[in-house]
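Student: I would like to learn how to read domain contacts and helix packing. Can we work through an example?

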Amino acid sequence: MNELRTILGDVVTRLFTDRVTKELLESAEQGQWPDDLWQAVEENGLTLPLVPESKGGAGGTWGDALVVVRAAGRHAVPLPLAETIVGSWFLSEAGLEAPSGPLTIAPVRLGGTAARVPWGRAAGHVVIVTGVEGRPMVALTARGAGEVTLDQNLAREPRDTLVFDAAPVVAAAPAGGRVPANAVWLYGALVRSAQMAGGLDYLLRQASQYATERRQFGKPIGSFQAIQQNLAVLAGHTAAAGTAAAHAFRAADRGDPAFEIAAAKVRVGEAAGIGASITHQAHGAIGFTYEHALHFVTRRLWSWRAEFGGEGDWAVELGRSVAERGADALWPHLTAR
Amino acid sequence: MQTFRFELGDLPAEAESLRAEVREFLRRELGDAAPVRRAHSWGGFDREFSRKMGARGWIGMTWPKRYGGHERSALERYVLLEEMLAAGAPVSAHWIADRQSGPLLLRFGTEAQREKFLPAITRGELAFAIGMSEPDSGSDLASLRTRAERVAGGYRVNGTKVWTSNAHLADYMIATFRTHHDPAKKHEGLTQFLVDTKLEGITMSPIIDLAGSHHFNMVVFEDAFVPEDMRVGEEGAGWKQVTTELAFERSGPERYLSSFALLLELIREVGKDPGERAAATVGRLVAHLTTLRQMSLSVALMLQAGENPNLEAAVVKDVGTTFEQEVPEVVHALLGVEPTIDSGSDLQQVLGFLTQRAPSFSLRGGTREILRGIIARGLGLR
């Protein structure tokens, strides 16, 4: 692990552990924008890991961004941090300046309507990638003037409908070689995979800890083989999720990551459903209450696995690309990645 | 709770250039071998093939040159293994010696044992079997009872080993016997030996598997004499050696590639332009497969870096064997074709073979339940 990643890891862990408390998560769910937290995240340079230092970013790689995004998932950070990281990278690849403040991303044509835009109401600007005459273009629009219809996901994170008819385009430019026309979908899936992998990290730690503390029949429930076997399965899915996400982020640094992103969204999404189920089972009734903090992560997992394409969508995409290349190309393809 | 780590990295250039060489070799040697032959994976036993691999320097390739090895990196060996398994090469005649017996002798054997056995192994001339399980000692391996009593010049052995794969084809067996009995300390008093399979006092009989094949054997020892210089390691050190040996074999590509031949047949079957359901099935399996490869490779990279990723290795085996077992189920669910023995299409035959073979994937080398117990210990639950 390089130096920047170690520093980033320390910063995010300290910051999120201190600031992202149960009280903060509850107030965010009630619609309170956690502005102090956003300011702290911005001041610590966590929003622009992929933007060059000359433009005010950290000048890092997707591998560095993974540290931030995965931690944001682990702590259920109620901010459009992943969206801002992706949006600022699109802008930077197109040679555009990233504005300060939260960004979001939306797959929409200029002048259209976008449904379920993450953090639509909170984002000052929306970054759009769209094909114009067959060429991908990146556009930065100010959200302010457009019409917003509020909605939310299971974790009560804003997922709003935005109307872009009146939204002024602040800047637009050709996307650059690494940002394809479906980039919002693709890189949205990439960051959701990492957030889910982080959420699973939390579940495994939480379930293992609870199983050593909670006692029934005169001993910790973790001493029963039935619980041990289930948590071992959780460990396997958590490990697979972390690996699949990391593999996709490495591919993003190399360029041409569509295969790995599809694989990650499929593998991590599957792990998320199974992981949430095992962790709730281990926690019993207390984990089913609003009072216990477990649901802040499990409700996010249930939503995130469906956002930017569910496992089924990405499996079809991946399966078609594999079938197209043919059986004999599979192994050479896997080992070349 | 012990945390686990799967850091990813790149294979070194020399490993990738070896890959091209291995593929060329396999193309020539396997030609148009039937898919169902390839599906035997590391179960195919072919001494001629093993000798050719030995001639290439591909057995014991990481071992010191003075024992016939080539001092190549563990990552080069990793690439060799995954290429062999992906192609379905018949590696069984040297597999155990290369993976377990040789490394065991390098670690715990005497100089004389290393000089006698290792060079012959690297030439592909010595096949090994492993004598661990007994009729009353499966997962509870430490309860094994086959006795090796000290007599003049060596040990007299009495007892029975079962499920001894390829013992009827092997030249030697690394067997674990009880040299000391204390019911309160069953993990103590175990000792490993190099046993010539042709020794007097050994009787082998086949145990036929559910598909009608002969891999397993029952090996009965009746006053078999094993010379002193065939003991591996100290008396009583057997448990530690056995657990080390089992850890060598947990995370390799053989733990997720056993059903690879069926995935290839599935891809051929669904064609270039599959419907949604078929595409989703293929895509999901490939997502699991590519993730497992990265996990397995990550453990190999850690081993090469001198780390001790025991927990990670156990996780890879559990997740990997679960995947291997799922492939025939998923293919059945999608296509619903009948699995066959020696009629029908390649896909049907591979499906027939793997459907019947799959139950063993989570038994061999330690059951799934034992493995998950090891993982649970890593999580701090026991």
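Tutor: We take the domains of chain A, then a helix pair between chains A and B. The model is predicted: local features need pLDDT of at least 70, side-chain atom pairs count only at pLDDT 80 or more, and totals for chains, interfaces and linings use all residues. Residues are numbered from 1 along each chain as its sequence is written, and chains are lettered from A and ligands numbered from 1 in the order in which they are written.

Student: Into which domains is chain A divided?

Tutor: Domain bounds come from an automatic or database domain assignment. Here they give domain 1 (3-174) and domain 2 (183-335), with 22 Å between their centres over C-alpha atoms.

Student: How many residues does each domain of chain A bring to the contact?

Tutor: Two residues are in contact if their C-beta atoms, placed from the backbone, lie within 7 Å. Domain 1 of chain A supplies 25 residues and domain 2 of chain A 27 residues.

Student: Which element gives the most to the domain 1 side of chain A?

Tutor: Helices (H or I, at least four residues) and strands (E, at least two) are DSSP runs, numbered from the N terminus. H4(A) gives the most, with nine residues.

Student: At what angle do helix H7 of chain A and helix H12 of chain B pack?

Tutor: Axes are lines fitted to C-alpha atoms, for helices over the stretch in contact, and angles run from 0 to 180 degrees between N-to-C directions. H7 (residues 225-254) and H12 (residues 368-378) pack at about 80 degrees, with axes 8 Å apart. That makes H7(A) roughly perpendicular (65 to 115 degrees) to H12(B).

How values were computed:
Angles under 35 degrees count as roughly parallel, over 145 as roughly antiparallel, 65 to 115 as roughly perpendicular and the rest as oblique.
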